[in-house]
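These are my notebook entries on how helices, sheets and domains are arranged in one chain. I set down what I looked up, entry by entry.

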Amino acid sequence: MRILYIFLISLIGIVFCSSDMAFAKSKSKSKQKTKRISRAHVAVPAIYGVAQLSNELNNIINSGISKADITVYVKSMKNSDSLYARNIYEFFTPASTLKILTAEAALLYLGPDYRFSTRVLTDAKTVKNGILEGNLYIVLSGDPTLTYYDLVDLMLTLKSQQIQAIAGNVYIDNTAYDESFYGPGWVWEDKNYCYAAPISASIINHNCISFKVAPSKVTGRLAQVVTSPKYFYPPIKNSVVTRANPSRSCSVRLSKDPGSMISIDGCMPKGRYAWGVSYVVTDIPEYNRALFKNLLSRQGINVFGSVTFGSTPQNLSLVGAHASKPLRLLINDMLKKSDNIIAGALFKKLGQLYTRQPGSWENGSFAVSQILSKRAGVNIAGLRVLDGSGLSPDNLTSASQMMQVLDFAFHHYPTSYEFVSALPIAGVDGTLKHRMGNIARKVRAKTGTISGVVSLAGYAVSGDKEPLAFVIMINGSKGLGWRYKAIEDKIVTALTRYKRLG
């Protein structure tokens, strides 16, 4: 136990140390910004003891919150004592702080080195005169980081094996996850944006396509669509007209026509500035079919059969495979950037592997709850984990349950570093890059924001270098997120001023 304690103290130093060595990988701009903040920083008085801390937090909450529900929980990771508790057993919508639960469950069950795999298999026994004498199977695993370039490289393995044609069919196996692409309770408007793209076994470029629309040099003519080689595009029907003068009424409208065609219309002002457009892929099967037909055609590979969908039989031969980055890096991206697609994919993957059924929102919920209960000792009574990302306003958790996860994650030797180091650092990176610059590097925490909900949960270093875990969730009025975030920042800043008596 003494060795473990020493390791945890050293881990705290690795995670929170503000020395040049500990943060050598930070960008130079971030360093310069932090130095400027330090010079301008005015010393603030310390907060001594639990009673004074409670008074300080109560004053912050009472002066800033009206007609909103708030829960705050602060606990020492060194001494295991509770320093502040408010409404910690009541249930709140957590927004993206729910990713804390998804991350820890994934690390515990899959392990930091787990990788998603996209495979190409065949039942053919031979390749004769460049013809694969059988069927080809493309097995999609729900890899949230799979890109078009990855698939191009994967198809190149066919060419490297001198395959010029496929005698049978090409089967796209997308059975790893179910076909309920949107999480329970997701707001309809969100589904038009890439941060809420469909979660399926096929996730290519986050199921989001980007392109630019540039004005014509001649007034009255169609604008130009500028695509990128990073994506595969369905046909784009462009009806955007170039106007002579800037107009507030000018905008580009995007819609989906039958046949998976992207349709854009509207107007844009003449000039030298292009507008970026993002399109969410909604018809996943049709997009997959067109994409793989195109990939095979680009490689000059003829398919005598058809490109269709089907489950992969057992005992096939491997033609090629692509592996994602290890889970520890996916968790880092998910928490730093609050990536909903990675969270949703991990959620369904846990459901798939835990229940041995196609990954779904339902078995993902069951898996995450059971993993946290059985492996982390979390009391899951009343816990409602619906989507893994926190997009649904119907997710529910208490500060007590969130704290149990934070406490376990901090002290769990095999994955503590992977979890804590993946959290955004105040004033430095991720979703906290532009927040709490006054206490830069002293806080690592996951943010959460949806309409009427603001949350923040993670770790802070006290005035006498004691690691503290905290949970803040505010469920209030729409449009007041900026005010709620200011309250969060004040609360966490107070924690960094806290010192124990004696």
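Entry on helix 4 and helix 9. Working from a predicted model, I looked up how helix 4 meets helix 9 (residues 361–376), and I found that their axes come within 9 Å and cross at roughly 65 degrees. Since angles of 65 to 115 degrees count as roughly perpendicular, I noted the two helices as roughly perpendicular to each other. The crossing of helix 4 past helix 9 is left-handed. For the contact I listed Leu101, Glu104, Ala105, Leu108 and Tyr109 on the helix 4 side, and Val368, Ile371, Leu372, Arg375 and Ala376 on the helix 9 side. Sorted by character, the residues of this contact divide into 8 nonpolar and 2 charged, with no polar ones.

Entry on helix 4 and helix 10. I then asked at what angle helix 4 packs with helix 10. Helix 4 (residues 99–110) and helix 10 (residues 399–411) pack at about 40 degrees, and their axes are 10 Å apart. That angle makes helix 4 oblique to helix 10. Here, too, I recorded a left-handed crossing, with helix 4 passing helix 10. Helix 4 brings Ile100, Leu101, Glu104 and Leu108 to the contact, while helix 10 brings Met402, Val405, Leu406, Phe408 and Ala409. I wrote these residues down as 8 nonpolar, no polar and 1 charged. Looking back over both lists, I marked Leu101, Glu104 and Leu108 of helix 4 as residues that take part in the contact with helix 9 and also in the contact with helix 10.

Entry on the sheet of 5 strands. My next question was in what order the strands of this open sheet lie. The order is 18-10-8-5-19, and the pairing is mixed. Strand 18 (307–309) and strand 19 (317–323) stand at the edges with a single partner strand each, so one side of each has no neighbour in the sheet. From one strand to the next, the twist averages 20 degrees. Looking further into the sheet, I found strand 5 (residues 117–122) running antiparallel to strand 8 (residues 136–139), the two being joined by 4 bridges. Within this pair, Val120 stands opposite Ile138 of strand 8. Helix 5 (residues 148–160) packs on the sheet, where it touches strand 5, strand 8 and strand 19, and its direction makes about 155 degrees with that of strand 19. Helix 6 (residues 284–298) also packs on the sheet, touching strand 8, strand 10 (170–173) and strand 18, and its direction makes about 145 degrees with that of strand 18.

Entry on the sheet of 3 strands. I looked up the other open sheet and noted its order as 12-11-16, with antiparallel pairing. Strand 12 (224–226) and strand 16 (275–280) are the edge strands, each with a single partner strand, so each has one side left without a neighbour in the sheet. The twist here averages 35 degrees from one strand to the next. Strand 11 (residues 208–214) and strand 16 run antiparallel and are joined by 6 bridges. One of the residue pairs I checked is Ile209, whose bridge partner in strand 16 is Tyr279.

Entry on the domains. Finally, I turned to the domain assignment of the chain, which gives domain 1 as 47–113 + 326–499, domain 2 as 117–180 + 284–323 and domain 3 as 205–280. I noted 32 Å between the C-alpha centres of domain 2 and domain 3. To their contact, domain 2 contributes 11 residues and domain 3 contributes 10 residues.

Definitions and conventions:
Residues are numbered from 1 along each chain as its sequence is written. This is a predicted model: local features need pLDDT of at least 70, side-chain atom pairs count only at pLDDT 80 or more; totals for chains, interfaces and linings use all residues. Side-chain values use heavy atoms; hydrogens and water are left out. Two strands pair if DSSP finds at least two bridges between them. Axes are lines fitted to C-alpha atoms, for helices over the stretch in contact, and angles run from 0 to 180 degrees between N-to-C directions. Angles under 35 degrees count as roughly parallel, over 145 as roughly antiparallel, 65 to 115 as roughly perpendicular and the rest as oblique. A crossing is left-handed if the near helix is turned anticlockwise from the far one by less than a right angle, and right-handed if clockwise. Contact means heavy atoms within 4.5 Å. Ala, Val, Leu, Ile, Met, Phe, Trp, Tyr, Cys and Pro count as nonpolar, Asp, Glu, Lys and Arg as charged, and the others, Gly among them, as polar. Domain bounds come from an automatic or database domain assignment.
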